[in-house]
Amino acid sequence: MNRVKKLKCTLGSEYAYQRFMSDREVSRLRRQTPQHMEDTVAASLTVGCIKINAVLFQADCSLRLGYDVYVKDSPGSSEWICFDSPSTPASLKESDMLAVLDRIVSENGLSYTECCFEKLDGRQVKPYEKLLEDRK
């Protein structure tokens, strides 16, 4: 069983691949770069609590295709935290995106199913009124 099928079976709905642009559309945009184009997600692969997006972005007066990798600080969280933007040549193919994601997970000791980050208890921010009272 290939890696994509194995993860789909293991993670079920926690595995999702979406493609928003075709290779032809990406090529056309790169040849005829719009003057003002914001970063655009061309494809996205979510594997548990790690996600990789193939993103078209402007650099040096041209459009480039690159990756952005996001993580969750806990598996149940709804928010994503930007983790890395590898310089690996990007592809919109699901298997290529998964290979890059597997490499990043392996190199950084991450997990698709568990939180790998130490919880840091920061200082609590007091409301402004409480700060004024404490100063008196």
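Start with L29 and the company it keeps: setting aside neighbours within four places in sequence, L29 is in contact with M21, P34, M37, L56 and L63. Keep in mind that you're looking at a predicted model. L29 itself lies in helix α2, which covers residues 23-31. Is L29 buried or exposed? Its relative accessibility is 11%, so it counts as buried, the cut-off being under 20%. Now pick out L56 from that contact list. Along the chain, L29 and L56 are 27 residues apart, yet 9.1 Å separates their C-alpha atoms.

Next, find strand β3, residues 50-59. How much of β3 is buried? Eight of its 10 residues are, so the strand is largely enclosed by the rest of the structure. On one side of the story is its pairing with strand β2, residues 40-47: the two run antiparallel and are joined by seven bridges. If you'd like to see one matched pair, look at A43, which stands opposite A54 in β3. The hairpin of β2 and β3 has two residues between the strands, and in it G48 takes a positive phi near 65°.

β3 also pairs with strand β4, residues 62-71. This pairing is antiparallel too, and it runs over 10 bridges. Here you can look at Q58, whose bridge partner in β4 is L63. You've met L63 already, as one of the residues that L29 touches. The hairpin of β3 and β4 again has two residues between the strands, and this time D60 is the residue with a positive phi, near 55°.

Stay in β3 for a moment and zoom in on N53, which is found in that strand. With a relative accessible area of 7%, N53 is buried. What does its side chain do in there? It makes a polar contact with the side chain of S44, at 2.7 Å. Not counting residues up to four places away in sequence, N53 touches V41, A43, S44, G66, Y67, D68, Y70 and M97. While you're looking at the strands, here's a handy general idea: in a regular strand, side chains alternate between the two faces of the sheet.

Now for the charged pairs. How many salt bridges are there? The count comes to four. One of them links R3 and D102, whose closest N and O atoms are 2.9 Å apart. R3 lies in helix α1 (residues 3-11) and D102 in helix α3 (residues 94-108), so this pair ties together parts that are 99 residues apart in sequence. R3 is partly exposed, with a relative accessible area of 37%.

Another salt bridge joins R19 to D23, with the closest N and O atoms 2.8 Å apart. Both ends of this pair are partly exposed: R19 has a relative accessible area of 36%, and D23 has 46%.

Finish in helix α3, where R103 and E107 both lie, four residues apart. That spacing is about one turn of the helix. Their side chains meet in a salt bridge, 3.3 Å from N to O. Are these two buried or exposed? R103, at 32% relative accessibility, counts as partly exposed, while E107, at 55%, counts as exposed because the cut-off for that label is over 50%.

Methods: Residues are numbered from 1 along each chain as its sequence is written. This is a predicted model: local features need pLDDT of at least 70, side-chain atom pairs count only at pLDDT 80 or more; totals for chains, interfaces and linings use all residues. Side-chain values use heavy atoms; hydrogens and water are left out. Buried means under 20% relative accessible area, exposed over 50%, partly exposed in between (1.4 Å probe, protein chains only). A polar contact is a pair of N or O atoms within 3.5 Å; within protein, one must be able to donate a hydrogen and the other to accept it, and residues adjacent in sequence count only if both atoms are side-chain atoms. Contact means heavy atoms within 4.5 Å. Two strands pair if DSSP finds at least two bridges between them.
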